[in-house]
Amino acid sequence: MPEAVTRRSAIRLLGGAISVAAATGASPVAAAAPARRPLTAPARAADIASLLRRLTLDEKISLLHGAADPAKLGQAGYLPGVPRLGIPPLRLADGPAGVRVTRHATALPAPVLLASAFDPELARAYGRTIGHEGRALGQDVLLSPMVNLIRTPYAGRNFETFAEDPLLAADLVAAEIQGIQAEGLIATVKHYAVNNQEHERMSIDVRIDERTLHETELRGFEAAVRAGAGAVMGAYNKVNGTYACENRALLTDILRDRWGFTGWVMTDWHAAHSTGPALAAGLDMEMPNDTYFGAALKTAVVTGLVPLAHVDRAVGRVLTVLDRFGLLDGSAPPRPERDPAAGARTALRVALAGGVLLRNERATLPLTGPAARHIAVIGPTGSVPFVSGGGSAHVVPDRADSPLDTIRARAGRGARVTYALGEDLYGKPVPAAALSPAVDLEEQRVPAGQTWNYDGTLTAGEAEEWTFVLHYSGRRPTVTLDGAELFPPIPGLGEYFTGGLAGTAPDGLAVRRHTRDRLPAGPHRLRITARGGDAGQTFRLRRTTAATRAADVAEAARAARAARSVVLFAYEDATEGQDRTTLALPGHQEELITAVTAANPRTTVVLNTSSCTAMPWLARTGAVLQMYYPGQEGAAATTALLFGDANPGGKLTQSFPVSDTRHPVAGDTLRYPGVLGREEYSEGVFLGYRWYDAHRRAPLFPFGHGLSYTTFAYGGLRLLARGGDVEATFTVRNIGQRTGAEVAQVYLGPAPGIRLPQPVRILAGYRRVELRPGEARTLQVRITRRTLSSWDTARHDWVAGTGRRTVEVGSSSRDLRLRGSVDVPMSR
Ligand code: BGC
């Protein structure tokens, strides 16, 4: 009996009527799910069956695909419902770091920062904040959380998800879903499954073996189902030759038959590929439109190509979830008011808990005493706050402070805080003298319905690098230089690109860049066409050159030299739809860090990046603080951590490689990014830190790493096998001078009886604990039977890893302080 299946339920069609098979032995997680009714309630089945009898075929079909929302609230998806039968319209909004609609919302820290706290209770609070806001903002379904594992360091969405470790990801997704749904918002776990990269995401065929799938990626999805997630979003990619959104093995065999999922499966946006085959395989809803599940579905049913029973099954699944959330009989609680102050408190709490102190030499941090009295803040994101990443996870916050302002306020009146840009993200005005005929490209407004044209000459003073920076509202203007378009549609993204930091100017205009490595001196023909469209357009065309760049770096170095301490904010701007191509910081930031650290080694680099970064400059820095995309309260949290008002306690949820050539997917294009549309997960279960351990490679920073301003000592490990689980008991003591949180991590070694290559160690449990100086706490961490098991491909099931197992406990996967072993017996 697979341990996972403690609860099974299924909706079956019997002669056109739906019956709900009752669950056996409800899992504690499912029982804790905050649905207003139990997950399966036979009494409701009759109502749903009766609804199904009364719905026309057109009405049924309208519940299975997206449509345009007449209310235009700006969310990603909409279904009109069937008002005559009390089935309400449904609004579906992104996303992972806050509710993405036209109105403002709380921009929470990116999920990867939440995960760094290693704290499921915090994930629950994060979910509650989004759940509350989603309901308040008129939404019914949240298109989140994302639980795909961090497999490649380049993946564009690593900030939107949690971790490279399946256990941690599973714990966090479950807690977050419970939080979201406690507020009455339906959660959608995404993207099922193995959507671990953006490169060719719409078509890549992921080849993954059964064991790897179960032991890595699927664990989070299974936890989401057990936590009661109402919906699942199918991924864009193919899995072992078949698109995820019509993959029977995933959608039916595993999701429903093995895990007992009773909710509905929707496609990712435009990820449907067929009508009958997809529906038969287990897909229920096409989003955001009706290419396959609209008229085509009706025709297929009328002509007998698709059985009506398949339509009824899908509609029944949607209705079952709506019923669970009280959306069919009006018993759902009334929509609450937004509570921006409460949202801001959660955002701050998460950013404080998740910040990871990667390095701290020569007591560079915290900034206290003389070190805090003259500070140079450097970098574009030192002034413009980097709030959230791009794509569907981008949230428009109520407000976000500038780190420079919060640092100034915290340093106080007696201190000097200077600022230097260092790296120019948004460009400087093109000098008037360079344009003939003269034109103001700094702020052009084109009235609605009009077109604005410029045909002139741009004269470059000397041959050097030029980056053209276009800021615009509305439709992107066409800009050509010597006949070549500077800002064509982005391959794979087209016009759909909502940048995070680099893609949006501080005043909200969209930003595009184009670099000419060496623009020849002399005249160039410049033509611009801007169209006012319905709403009018504002645009500006700016530039940076090698000369302006050198001046920015020199000014930053001067500011650094003059100051006692430096805080340099570095950024990397990721978005869905594209992967990074390098682990280096973008632009000329490496050059900037080199110049600034040479001028002043008491430099702290604050990283507002999506995932890991290669740091050839690391040894020259005093400290490095990893804040990812810290949300709207990022400035306050960063400042508190820098000055020691809060003690960093976050830990890395992914290994940071030393370079582009030393990580699990390096040097093997079939492994990543794929060859001819196909990709092999040939590293098998050796994902993330498991790969570094197996290959005895040293990462730059290991999984679980994170420093503190205090010191923790470990002792007294005891291990006990009990009821199929193992209980690890040990003590953590704060032996330093400051209160702080430690994430104690428990790792498990291989099982002697299992004749498969096994990881050197896997994370088997953890506990975040806050301790005052001198305080000690005895912690108990349970290693569950599932964690002790491996996937057996002969039996297609879990097999317990019995025999003598090593358990290590420590402060990171490479800082292990305690070690013991325990006999795991054959049976419970
Ligand atoms: C993304 C999803 C998102 C959807 C709706 C897709 O492009 O992959 O994560 O929920 O758009 O915005």
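## The ligand and its surroundings

Which of the 13 residues around the ligand come nearest? In this predicted model, they are Asp94, Arg157, Lys190, His191 and Asp268. The shell around the ligand is made up of six charged residues, five nonpolar ones and two polar ones.

Several of these nearest residues also place polar atoms beside the ligand's oxygen atoms. The side chain of Asp94 has a polar atom 2.5 Å from an oxygen of the ligand, a polar side-chain atom of His191 lies 2.7 Å from a ligand oxygen, and an N or O atom in the side chain of Lys190 is 2.8 Å from an oxygen atom of the ligand. On its own the ligand has 310 Å² of accessible area, and the protein covers 95% of it.

## Two nonpolar cores

The largest nonpolar core holds 140 residues, and the members that touch the most other members are Ile87, Tyr192, Trp264, Met266 and Phe730. The element that gives the most to this core is helix α6, spanning residues 166-182, with 10 residues. A second core, separate from this one, has 79 residues, among them Ala415, Ala557, Leu592 and Val665.

Tyr192 can be followed in detail: once its neighbours within four places in sequence are left aside, its contacts include Leu218, Phe221, Val232, Met233, Gly234, Ala235 and Ala244, and they also include Leu250, Leu251, Ile254, Leu255 and Trp259.

## Helix α9

Helix α9 covers residues 248-258, and its buried residues are Leu250, Leu251, Thr252, Ile254, Leu255, Arg256 and Arg258. In an α-helix there are 3.6 residues a turn, so residues three or four places apart point the same way. Four of the names listed as buried, Leu250, Leu251, Ile254 and Leu255, are also in contact with Tyr192.

At the N-terminal end of α9, Asn247 acts as a cap, with a side-chain oxygen 3.2 Å from the backbone nitrogen of Ala249. Just after the helix, Gly260 takes a positive phi of about 75°.

## Gln745 in strand β31

Is Gln745, which has its place in strand β31 (residues 740-748), buried or exposed? Gln745 counts as buried because its relative accessibility is 0%. Its side chain nevertheless has polar partners, since a polar contact of 2.6 Å joins it to the side chain of Tyr747, and the backbone oxygen of Ser811 is reached at 2.9 Å.

Apart from residues up to four places away in sequence, Gln745 touches Lys651, Phe703, Gly704, Leu763, Gly765 and Tyr766, along with Glu808, Val809, Gly810, Ser811, Ser812 and Ser813.

## Ala521 and Val301

Ala521 sits in the loop between β22 (510-519) and β23 (522-531), and it counts as partly exposed because its relative accessibility is 45%. Although Ala521 and Gly461 are 60 residues apart in sequence, their C-alpha atoms are 5.4 Å apart in space. Gly461 also appears among the residues that Ala521 touches beyond four places in sequence, together with Ala460, Glu462 and Ala463.

Val301, by contrast, belongs to helix α11 (residues 295-302) and counts as buried because its relative accessibility is 13%, which falls under the 20% cut-off for a buried residue. Beyond four places in sequence, Val301 touches Leu57, Val306, Leu308 and Val311. Val301 and Gly276 are separated by 25 residues in sequence and by 9.0 Å in space, C-alpha to C-alpha.

Terms used:
Residues are numbered from 1 along each chain as its sequence is written. This is a predicted model: local features need pLDDT of at least 70, side-chain atom pairs count only at pLDDT 80 or more; totals for chains, interfaces and linings use all residues. Side-chain values use heavy atoms; hydrogens and water are left out. A residue is near a molecule or strand if one of its heavy atoms lies within 4 Å of it. A polar contact is a pair of N or O atoms within 3.5 Å; within protein, one must be able to donate a hydrogen and the other to accept it, and residues adjacent in sequence count only if both atoms are side-chain atoms. Accessible areas come from the Shrake-Rupley method with a 1.4 Å probe; for residues, only the protein chains shown count as cover. Ala, Val, Leu, Ile, Met, Phe, Trp, Tyr, Cys and Pro count as nonpolar, Asp, Glu, Lys and Arg as charged, and the others, Gly among them, as polar. A nonpolar core is a set of buried Ala, Val, Leu, Ile, Met, Phe, Trp, Tyr and Cys residues joined through side-chain atoms within 4.5 Å. Buried means under 20% relative accessible area, exposed over 50%, partly exposed in between (1.4 Å probe, protein chains only). Helices (H or I, at least four residues) and strands (E, at least two) are DSSP runs, numbered from the N terminus. Contact means heavy atoms within 4.5 Å.
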